[in-house]
Amino acid sequence: MDFVQYKESFTKEALKIGYSQQNIQSCLDYAQALFSHNVPVIYNASHLAVLVGYKKEYLKKAALHTKYFYRDFEITKKNGKKRPISEPLPSLMEIQHWILKEILYKLPVSPFAKAYKPNVSIIENLKFHKNQPKVFTLDLENFFPSIKIESIEKIFTELGYCQNVSNLLAKLSTRDNTLPQGAPTSPYLSNLIFKDADLTISDYCKQHKIRYTRYADDLSFSGDFDEKELLNKVIETIEKLGFKINTAKTKLMKPDSRQTVTGIVVNEKPQVVFHKRNALRQAMYYIKKFGIDEHREYKEINQAHFLEHLLGKINFVLQINPKDSEFIDYKSFLIDLKKKQESKNNKTKFLLM
């Protein structure tokens, strides 16, 4: 439906329920601004409730008492430290998915942002940094928690939503007034928040012939440049947005050393780092020799869906290097093994019926 059709339909229905011409025009002016951004018209909380399929009372509770609508747990990072995750309850997650699909995905982000974009793989973040004199990587400290609700609300108000609707959408997308690690809206919102910084940094890089990409909180630069001058420019830019560099993760890599971007080697061709590939090789060796159940028992692996987890890691290696014959063989072996397990399970179910 275009705006002309919407105007005709809205005016007809509004006159039926007694809206004045002044009220009708006010609503249409509001709606036209939202149509210009290709986002849904939302007049108030009741209207949003109808669109997302939940009662208005539920939306208000989720916005006011957010801690009761999340499940908290931790995952272990590569360095052994714990990362707190706040996963929204299924109902709130469904609402957040609606906000993401119907509103946020309609807004463009920087072309230099390579994460959290539909139909964009990690390869897009790697191919620019292959065979470069220097690779310089920076990490943003506490990326999601550094993004406050005021910045999120501003995204919605700039689209044309009224203050009440913008505030409600922002509260449904945040927890404790920041972006929660675990909400489906958080990654894309972080790209939108960082868009101006991406522009400033990329303009500087273009002037100095530096290649620049950003994958979530990882900033990657390559070429021949003065890294101290570049670092100062980045710090100056991001501090205006309330971000900080994690200095412990700042890396300068030259051609005579292993150059990595988001954990992938980029010296000659993109490749998952050796220790990760080697760990997969060892696992596959023992699985082929002794069997997957015996391997799990020996290694005390209690992880559910371990086979699928292992297959996912091998698929990631092949995503980076699709012609790796060794890992193509591993994938084929695991797929055959999975089919045999499924066949065995189906026979067991049939005998128990």
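The following exercises, with worked solutions, concern a predicted model.

**Exercise 1.** Determine which residues touch the most other members of the largest nonpolar core, and which helix gives the most to this core.

*Solution.* Step 1: The largest nonpolar core holds 69 residues, and those touching the most other members are Ile 103, Tyr 161, Leu 172 and Phe 221. Step 2: Helix H2 (residues 21-36) gives the most to this core, namely 6 residues. Step 3: Leu 172 may be examined in detail. Beyond its neighbours within four places in sequence, Leu 172 is in contact with residues including Leu 48, Leu 59, Tyr 70, Gln 96 and Ile 99. Step 4: Another core, of 25 residues, lies apart from the largest one; among its members are Val 135, Ala 283, Ile 287 and Tyr 330.

**Exercise 2.** Describe how helix H12 (residues 274-290) and helix H13 (residues 292-299) are arranged.

*Solution.* Step 1: Their axes come within 7 Å and cross at roughly 120 degrees. Step 2: Angles of 65 to 115 degrees count as roughly perpendicular and those over 145 as roughly antiparallel; H12 and H13 are therefore oblique to each other. Step 3: The crossing of H12 past H13 is right-handed. Step 4: From H12, Ala 283, Tyr 286, Ile 287 and Phe 290 meet Ile 292, Glu 294 and His 295 of H13. Step 5: Sorted by class, this contact has 5 nonpolar, 1 polar and 1 charged residues.

**Exercise 3.** Classify Lys 209 as buried or exposed, and state where this residue lies.

*Solution.* Step 1: Lys 209 belongs to the loop between helix H10 (195-207) and strand E4 (211-215). Step 2: Its phi is positive, about 55 degrees, although Lys 209 is not a glycine. Step 3: Exposed means over 50% relative accessible area; Lys 209, at 75% relative accessibility, therefore counts as exposed.

Conventions. Residues are numbered from 1 along each chain as its sequence is written. This is a predicted model: local features need pLDDT of at least 70, side-chain atom pairs count only at pLDDT 80 or more; totals for chains, interfaces and linings use all residues. Side-chain values use heavy atoms; hydrogens and water are left out. A nonpolar core is a set of buried Ala, Val, Leu, Ile, Met, Phe, Trp, Tyr and Cys residues joined through side-chain atoms within 4.5 Å. Buried means under 20% relative accessible area, exposed over 50%, partly exposed in between (1.4 Å probe, protein chains only). Helices (H or I, at least four residues) and strands (E, at least two) are DSSP runs, numbered from the N terminus. Contact means heavy atoms within 4.5 Å. Axes are lines fitted to C-alpha atoms, for helices over the stretch in contact, and angles run from 0 to 180 degrees between N-to-C directions. Angles under 35 degrees count as roughly parallel, over 145 as roughly antiparallel, 65 to 115 as roughly perpendicular and the rest as oblique. A crossing is left-handed if the near helix is turned anticlockwise from the far one by less than a right angle, and right-handed if clockwise. Ala, Val, Leu, Ile, Met, Phe, Trp, Tyr, Cys and Pro count as nonpolar, Asp, Glu, Lys and Arg as charged, and the others, Gly among them, as polar.
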